[in-house]
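Let's take a walk through this structure together. Keep the 3D view open and click along as the residues come up.

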Amino acid sequence: MNIVVCVKYVPDATGERRFEDDNTVDRVGVDGLLSELDEYAVEQALQLKEKLADDSEVTVLTVGPEGASDAVRKALQMGADKGIHVSDDAIAGSDSLATSLVLAEAVKKTEHDIVLCGMASTDGVMGVVPAMLSERLGYPGATFASELEVDGDTVKIRRDGDAATVMVEATLPAVLSVTDQTGEARYPSFKGIMAAKKKPVETWSLSDLGVDAEMVGLSAAWSTVEGTEERPPRTAGEIVTDDGGSGAEALVGFLASKKFI
Ligand SMILES: Cc1cc2nc3c(=O)[nH]c(=O)nc-3n(C[C@H](O)[C@H](O)[C@H](O)COP(=O)(O)OP(=O)(O)OC[C@H]3O[C@@H](n4cnc5c(N)ncnc54)[C@H](O)[C@@H]3O)c2cc1C
């Protein structure tokens, strides 16, 4: 089975994050990494390969700036077999629709039976690219899986909602997104890190995919971020001191003022 995992290179959330004047995320000069939520998708792909114990191959695919090959490399260190990095200056500033277009055209060029994604990127957090990808490819889309199982040409997922759990079944090829409930992602071992150095990574441009540069980028975006502002710093909490039994009353008063009770 050929498994393609879409992974996004995102700014490191532990570092200083800023926006450009055009309200896009500043990705230049900031540390980036493989989106943590996509590590769960890589893990599920590797587990699937291990369970099948055949000649299955895991290919990681990213669309992103030059540094995005670091995200591919990390997935290869975890155990993926090969990588594809779609890189083209025209892609900068693309919205979800354009990103899904580029991903879909790249997926079409690969051997694949199943396409795995994370539930959302840790920067944009739109959570829509997998659904758009399934639509563009014309494949069933089974999103937000907390468990997944492949049996022949059928994939079954568990989807946990607020009020109900839904079991969804689809026929392969399909696009799946997985949540952080699927299980911890493995750390790259020393052996994995060394082995990754020899694994192939291809770089494709828009022309390799036959995608017109006018279909992507900020100017082609269907949605625009109109403004961003820094969140105000947290204010100190209110400390209730129990003074001769008055603490409970003060707490009730506070909760009532916030309409919690
Ligand atoms: C500050 C800011 C400014 C923005 N400006 C604009 C704008 O002006 N116009 C506009 O239309 N949009 C804008 N966006 C939206 C941004 O372009 C989207 O975040 C992005 O295109 C795709 O959505 P996402 O990263 O939230 O992906 P999600 O839908 O959250 O991603 C889900 C999954 O899809 C896969 N995936 C997503 N992206 C990639 C990728 N590049 N490579 C490989 N796999 C991927 C991963 O598996 C990921 O886990 C802006 C966002 C921010 C935060």
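What follows goes from the overall chain to its salt bridges, its hollows, its surface and a few backbone oddities.

This is a predicted model, where local features need pLDDT of at least 70, side-chain atom pairs count only at pLDDT 80 or more, and totals for chains, interfaces and linings use all residues. Residues are numbered from 1 along each chain as its sequence is written, and side-chain values use heavy atoms, with hydrogens and water left out.

Start with the whole chain. It has 7 helices and 12 strands; these are DSSP runs numbered from the N terminus, with helices being H or I over at least four residues and strands being E over at least two. The C-alpha trace spans about 70 × 45 × 40 Å along its principal axes. Of the 261 residues, 39% count as buried. Here buried means under 20% relative accessible area, exposed means over 50%, and partly exposed is in between, using a 1.4 Å probe and protein chains only.

Now for the charged pairs. Side chains of opposite charge can pair when their charged atoms come close. The structure holds 9 salt bridges, each being a side-chain nitrogen of Lys or Arg within 4 Å of a carboxyl oxygen of Asp or Glu. One of them joins Asp26 and Arg18, at 2.8 Å from N to O. Asp26 is buried, at 5% relative accessibility, while Arg18 is partly exposed at 47%. Another pairs Asp160 with Arg158 at 3.0 Å; Asp160 is partly exposed at 39%, and Arg158 is partly exposed at 29%. If you'd like a group rather than a pair, look at Glu43, Glu50 and Arg186, which are linked in a network of salt bridges.

The pair to linger on is Lys82 and Glu57, with 3.5 Å from N to O. Lys82 lies in strand β5 and Glu57 in strand β4, so this salt bridge ties together parts that are 25 residues apart in sequence. Lys82 is partly exposed, at 30% relative accessibility, and Glu57 is partly exposed at 29%.

Lys82 and Glu57 also turn up in the lining of the second largest pocket, together with residues including Asn2, Lys109, Pro200 and Trp204. A pocket is an open set of points on a 1 Å grid over the protein atoms alone, with protein on both sides within 12 Å along at least five of seven lines; a cavity is a set where a 1.4 Å probe fits but cannot get out, and lining residues have an atom within 4 Å of a point. This pocket holds about 170 Å³ of space, where a volume is the space filled by probe spheres set on the points, which are joined across faces, edges and corners. β4 (57–63), β5 (82–86) and β12 (201–204) each supply at least two lining residues, with the largest share, 3 residues, coming from β5. By class, the lining has 3 nonpolar, 4 polar and 5 charged residues. In this scheme Ala, Val, Leu, Ile, Met, Phe, Trp, Tyr, Cys and Pro are nonpolar, Asp, Glu, Lys and Arg are charged, and the others, Gly among them, are polar.

What about closed spaces? There are 2 cavities of 30 Å³ or more. The largest cavity has about 40 Å³ of space and is lined by Tyr9, Val10, Pro11, Arg27, Val30, Asp31 and Gly32. Strand β2 (residues 9–11) gives the largest share of that lining, 3 residues. The second largest cavity, at about 30 Å³, draws 4 lining residues from helix α1 (residues 36–52), which is the largest share.

Out on the surface, Val252, Leu255, Phe260 and Ile261 form a nonpolar patch with about 410 Å² of accessible area together. Leu255 sits in helix α7 (residues 247–257) and is partly exposed, at 31% relative accessibility. Patches take residues with over 30% relative accessible area and no salt bridge, joining nonpolar side chains (Val, Leu, Ile, Met, Phe, Trp, Tyr) within 5 Å and like charges within 9 Å. Accessible areas come from the Shrake-Rupley method with a 1.4 Å probe, and for residues only the protein chains shown count as cover.

Finally, check the backbone. Most residues other than glycine have a negative phi, and most peptide bonds are trans. Val125 has a positive phi of about 50°; Val125 is in the loop between β6 (114–118) and α4 (129–137). Phe144, in strand β7 (residues 141–145), has a positive phi near 55°. A cis peptide bond joins Leu172 and Pro173, with omega about 0°.
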